[in-house]
Amino acid sequence: MTQEDIGGQRLGIVVSGSLNKGIEVKLDSSASVEDMAVGRYVTIEGNKRRFFGMITDISLGVIDQKLTLTPPDVSDPFMAEVLAGTSTYGTLHVLPTLTIGGNAASLLEGPQPVKTVPSHFSTVNLASQRDVELVFGSEDERKFYIGTPLDMETKICLDLPELVKRSNGIFGKSGTGKTFLTRLLLIGMLQKGAAVNLVFDMHSEYGWESRSEEGRKVKALKQLFPSKVAVFTLDEEGSRRRQVSTDFVVRIGYDEIEPEDMVLLRQTLNLTEPAIEAVYQLSRRFGKNWLQSSLDRKDSEETKDLLKEMSIHESTYQNLQRGLATIRRLPFLVPHTPDNPVKRILEYLDQGINVVLEFGRYTDITAYILVANLLTRRIHAQYRERMEKAIGEDIALPHPLVITIEEAHRFLNPELASQTIFGTIAREMRKYNVTLLVIDQRPSGIDSEVMSQIGTKITCLLDNDRDIDSVLAGVSGKSELKSVLSRLESRQQALIFGHAVPMPVVVRTREYGSPESYKDFLPGGETEIRKQAEKDIEELWE
Amino acid sequence: MERVGEVIEASTTDFVAQCYELYQSPPLGSLVKTTDLPVELYGIVYNATTTSLEPGRRPIARGKDEASEEEIYKSSPQLLQLLRSEFSTLVVGYRENEKLYRYLPPKPARIHGFVHLCPPGEVKEFSQSLDFLNILINTHLPVPADELIAACLRQMSQVYEDPHDFLVAAGKELAILLSSDFNQLKAILGRIKQ
C-alpha cells in the first residue's frame, strides 16, 4: 500500500460513545484490526460537521457470546473470511479532539475544540495528508517542522513564537531521544528567531558535536549556526581537548554566591536546616564576602566566640564547613573573578546570540544546580528590570529568552520548587519574557504546580506509572493518551500536547544527524551563511 | 431458455409445477421463473417429488424377473404415463416494468404458466442483492432451511467467474441475518464451502 492509499481509507462507522469517554467505531470487514495503530488520526464525517480524532484503543468484539465459548474452526479459511467483520469484528476507540464546521464561516475559523460527538453510524476514515495539514498547518516563518505523524509523510509543525510564550517540557526515559528532540527544538527557535536560548548543557551535547548512542558523530548548534551561537564553558581544558571553539570561560567568584544559592544545595550537600540559617547569619555579618570569610576561618578561640555570639551551634557549623568544602573543590569557583559571567551572557543574548554553557567534566549535580541557579537568578532579575522599564517607558520589550535546564526534577521538586528561580519562572510564565525548556526523565519528581504551568509537553516513551500520570495530569482524555504514551516506540517517537498544538499528536521526529538533515535546517534566505554552512558540512563529512 | 414445467398449483408464497418429462425436475435450489404478464415471478426450487398419477394407487415393485432397472420401464412402457414428477418452488421475487423486486409479488402465479430455468445472466442479475435470503430463512418448509439455502447459494455461485467471492459475500450476509443463531450459520457455511 502506498502512502496515498492509506489516507482517506474508510475504516468503519460510529456505533456508540460519549464526549467524555470517546467514540466506539465498528470496523468494516475490509479493514483489519492488525493494520490499525493507536495514535493514528481519523476523520469522522458527521452530518453537519467533520470531526478529527485519534485512535486511542483497539479491541475485538463478537456478535454472539456463544462464539467465544465454542470458537469456530478458523483453520478453514472460508469460515475465517466469512466471520471476519460480521460475527467477529474489531472496534476502535477514538478520542475526538477537533471539529471543522460545514459552512464557509467555520471553514475560515479553522478547526475548533470538540464540543459534541458525531451522530450514529457516521463514516470514519483514516485522516488524509490534507486533513492533517489543515489541522497542523504547514511550514512557514513561524512554524517549524518537528516530525511526521505515524505512517504519513505530512509535516507536523509547531508554532514556535507561540510555543516560547510558555514554559515547555521534554520528557522521556533515558535513551528515548530527549537530547535529539531538544536539539531540534533549539534549532527551530534559532531558525525562526522565536527566542534567544540559554542552555545549561550538563553533558556538553548542544554546543559542539557529540556522539550518538550508535557512536555516530552528531553536530550541534554552534557548528550549524556559527554566527548565532556562543559556547561558554566551565571546563576550559575539557573543551579544548574536544576542540570546541569556546567564546568564554566561566569563572565564578566566591563573592557572587549568595545565601539563596546555598538553600538549593541543601539536599545535595547534605546540609541541615540550622546550617542554612547559619549561612544567612554569616552573610548578614560579612556581606558579600561571607563565603570567603567562612572558608578562611580556622578552628580558633576567635571562631568559637563568633559562633557563640551568633548563637550557631558547633555541630551546625561543622556541617556547614563540610558542605562548603565540597563547593570549594569545584575548580571553576575562584576567590575573585575579573570578569562577570552574567554580564557576558546578557551581552550575547542582547545581540540575539544564543548561549550554550558547557559543564564539561563537572557533570556533578552540585555544580549544575549551583551554576544554573546562580546565573539564572541574576539574568532573570535583569530581564525583569528591563521588562518593567520597557512597559513603563513604552519601548521595545526584551527578546524572549528560553532557558534550557536538564535533570529538572532536581530543581523543581516539591521541596525546592518554591525556592528556586526556576520554580518562579515556571509559574510567572511569560510576564517577563523568560520561559523554561525543562528536560527530564523523572517528571514525577517535578512539583505538580510547576508541571501544571508547563504549556507544551513533548514526551517520549515513559513506562513508570507515576511519571506518566504526572505528565498527563489535567489533560482531557488522560486515560486514552496514557495508552498511547506507554506504547510509543523507544526511539524517535514522541507525543506532543498542550499549548502549541491544536490536539495531541504522536510524531516520528524529524531526522537529525545526517549531512542531508543539517542542510534542511539552514535558512534558505541567508545564502552566505548557507553556503558557508554547506561548506562546513562537506569539510566535516568528506 | 429451457422450459422445465408448467404450474399446476399456486399460492402467494409458492407454486408447484409438473415436469413434462418424468424425473426432469430442475436441481434443488435453482432459480426458475414463470410469466404472468406483465409480471415475471422468480422462485427457488425447494422440493421435488415423483408420485403416481392417482393419489390412491401406489406403484408396485415389478423388477423381480428383470435383469436391470431399465428393463422394467422397457417391459412396461405405460409406467411413464402413470407416474409424474413435480417440483415445488418458493416465490422470492418478481420483475415488473424491467425492475427487479426481491420480495413477494402482489399476485400468485397463474395455473398452466410455463416454468423456465433462469439462464446464468439472469441468475447473476438476481443474486446481485442477497435480500432474498431472508425469505429462505424465515419460511417453514418440509425441507430444512439450512439445506435449501446452501443448495441455492451453491447453484448461484456457479454462474460467477469467482464463486469463492460470491460465497464469502453471501456468508457475510448470512452471518448478519443469523447473528443470534451461530449453530445454524455454522451448518450452512459448512455446506457451501468449497
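Guide: Helices are DSSP runs of H or I with at least four residues, strands are runs of E with at least two, and both are numbered from the N terminus. By that count, chain B has seven helices and seven strands. Along the sequence its pattern reads β-β-β-β-α-α-β-β-β-α-α-α-α-α. This is a predicted model, in which local features need pLDDT of at least 70 and side-chain atom pairs count only at pLDDT 80 or more, while totals for chains, interfaces and linings use all residues. Residues are numbered from 1 along each chain as its sequence is written, and chains are lettered from A and ligands numbered from 1 in the order in which they are written.

Visitor: How do you know what confidence the predictor has in chain B and chain A?

Guide: From pLDDT, the predictor's confidence in each residue, from 0 to 100. Chain B has a mean of 89, with 99% of its residues at 70 or more. For chain A the mean is 81, and 91% of the residues reach 70 or more. Residues 1-6 of chain A stay under 50. The model gives that stretch five contacts beyond four places in sequence. For the complex, the predictor reports an ipTM of 0.77 and a pTM of 0.71.

Visitor: What makes two residues count as a contact between chain B and chain A?

Guide: Their C-beta atoms, placed from the backbone, must lie within 7 Å. Eleven residues of chain B meet that test with 14 residues of chain A. On the chain B side, α6 and α7 each supply at least two residues. The largest share, five residues, comes from α6(B).

Visitor: Which classes do the residues on that side of chain B fall into?

Guide: Five are nonpolar, three polar and three charged. Nonpolar covers Ala, Val, Leu, Ile, Met, Phe, Trp, Tyr, Cys and Pro; charged covers Asp, Glu, Lys and Arg; the others, Gly among them, are polar.

Visitor: What makes α5 and α6 of chain B a packed pair, and at what angle?

Guide: Two packed helices are described by the angle between their axes and the distance between the axes. For α5 (residues 145-157) and α6 (residues 163-177) of chain B, the angle is about 145 degrees and the axes are 9 Å apart. The axes are lines fitted to C-alpha atoms over the stretch in contact, and angles run from 0 to 180 degrees between N-to-C directions. L153(B), M156(B) and S157(B) meet P163(B), F166(B), L167(B) and A170(B). The residues of this contact are six nonpolar, one polar and no charged.

Visitor: Why is the crossing of α5(B) and α6(B) left-handed or right-handed?

Guide: A crossing is left-handed if the near helix is turned anticlockwise from the far one by less than a right angle, and right-handed if clockwise. α5(B) passes α6(B) in a right-handed crossing.

Visitor: What makes L265(A) buried or exposed?

Guide: Buried needs 20 or more other C-beta atoms within 10 Å of a residue's own, exposed 12 or fewer, and partly exposed lies in between; C-beta atoms are placed from the backbone. L265(A) has 24 such neighbours, so it counts as buried. It sits in the loop between α10 (259-264) and α11 (266-269) of chain A. Its contacts more than four places away in sequence are T366(A), I369(A) and L370(A). T366(A) is 101 residues away along the chain, yet the two C-alpha atoms are separated by 6.7 Å.

Visitor: How do you know that the buried residues of α7(B) line one face?

Guide: In α7 (residues 182-192) of chain B, the buried residues are F182(B), L185(B), K186(B), I188(B), L189(B) and I192(B). Down the axis they fall within an arc of 165 degrees, so they line one face of the helix. The arc is that of the directions from the helix axis to the C-beta atoms. These buried residues pack against α2 (66-69) and α3 (77-83) of chain A, together with α5 and α6 of chain B.

Visitor: Which residues have a positive phi without being glycine, and are they buried or exposed?

Guide: S204(A) has a phi of about 50 degrees. Its place is the loop between β11 (196-201) and β12 (210-211) of chain A. It has 25 C-beta neighbours inside 10 Å, so it counts as buried. Y23(B) has a phi near 65 degrees. It lies in the loop between β2 (14-18) and β3 of chain B. With 10 other C-beta atoms within 10 Å, Y23(B) is exposed.

Visitor: Where is a cis peptide bond found in chain B?

Guide: It joins L37(B) and P38(B), with omega about 5 degrees. P38(B) lies in the loop between β3 (31-36) and β4 (39-52) of chain B.
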